[in-house]
Amino acid sequence: MTGADPADDPLPMAERKMRFLYALRSRGVTDSRVLSAMERIDRGAFVKGLFAERAYEDMPLPIACGQTISQPSVVGLMTQALDVQPRDKVLEVGTGSGYQAAILSLLARRVYTVDRHRRLVREAEEIFRALDLNNITALAADGSFGLPDQAPFDRILVTAAAEDPPGPLLAQLKPGGIMVLPVGQSDAVQSLIKVTRGETGYDYEELRPVRFVPLVEGLGSE
Ligand code: SAH
């Protein structure tokens with residue numbers, strides 16, 4: 001729309017990114033390693049089509065296969081709660097756009113990410129290659145069973161909501177390991193839970209209300 005009111009012009013990119021980081025901080029993302037990873041990974045690379053324009057706003061957006069890329073501040077808070085260490089092997093369940101996995105890849109030694117939609121896995125892999133993120137392995141699989149071939153994991157992040165923490169994921173967490181996941185009915189408000197595996201059992205901490213798409217069994221049709 002040439003000739004439109006200049007007030008309608010989109011903000012310059014630097015300004016948008018500054019606001020993006022400000023929104024993260026003001027919503028409680030304070031860990032400097034998480035903030036710098038989120039500064040380096042361009043969310044714009046993971047949002048296509050109509051909604052690309054809104055990639056730097058703190059809101060979830062639609063992606064292919066009827067799924068969503070999570071709200072950036074929620075990505076930040078989940079990553080912060082996961083307390084990833086540089087030597088960690090991390091499993092993410094729910095690749096979606098690949099955005100969360102890309103952020104994890106800057107903080108961990110190795111990231112495995114699985115999605116039940118092959119198309120999302122394929123598209124995310126292309127972005128990882130383009131961004132030269134080569135410590136991520138993306139696979140099409142039902143993540144409620146974890147990834148037995150690569151287990152155990154230091155950290156597990158689930159980005160789709162189950163009614164309860166899936167047993168195989170609890171089993172695939174190393175002692176001392178942390179899992180962060182949304183738990184609850186898919187059409188209601190869910191709780192973000194942090195599970196820490198001790199030497200003898202699991203400790204559960206409820207972090208905040210969240211809303212995620214449901215964890216669905218089996219592989220998707222595309
Ligand atoms: N982390 C993503 C957002 C995830 S949306 C991002 O950064 O963009 C949730 C994703 O979980 C969807 O892509 C959905 O296909 C996937 N999903 C749902 N159930 C699953 C299951 N059982 N196994 C693997 N992936 C699943």
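Here are a few questions and answers on the ligand site and pockets of this structure.

This is a predicted model, where local features need pLDDT of at least 70, side-chain atom pairs count only at pLDDT 80 or more, and totals for chains, interfaces and linings use all residues. Residues are numbered from 1 along each chain as its sequence is written, and side-chain values use heavy atoms, leaving out hydrogens and water.

Q: How many residues surround the ligand?
A: A residue is near the ligand if one of its heavy atoms lies within 4 Å of it. Ser-97, Asp-115, Asp-142, Gly-143 and Val-216 are the closest. The full count is 27.

Q: Which residue has a side-chain N or O atom 2.6 Å from an oxygen atom of the ligand?
A: Polar contacts here are pairs of N or O atoms within 3.5 Å. Backbone N or O atoms reach nitrogen atoms of the ligand from Gly-94 at 2.9 Å and from Arg-116 at 3.2 Å. The side-chain partner you're after is Asp-115.

Q: What is the volume of the largest pocket?
A: On a 1 Å grid over the protein atoms alone, a pocket is an open set of points where a 1.4 Å probe fits, with protein on both sides within 12 Å along at least five of seven lines; lining residues have an atom within 4 Å of a point. A volume is the space filled by probe spheres set on the points. For the largest pocket, that comes to about 550 Å³.

Q: Which residues lie nearest the centre of the second largest pocket?
A: This pocket holds about 190 Å³ of space. Its lining has 14 residues, and nearest the centre are Ser-144, Ala-162, Glu-163, Leu-215 and Glu-217.

Definitions and conventions:
Polar contact = N/O pair within 3.5 Å; in protein donor to acceptor, adjacent residues only side chain to side chain.
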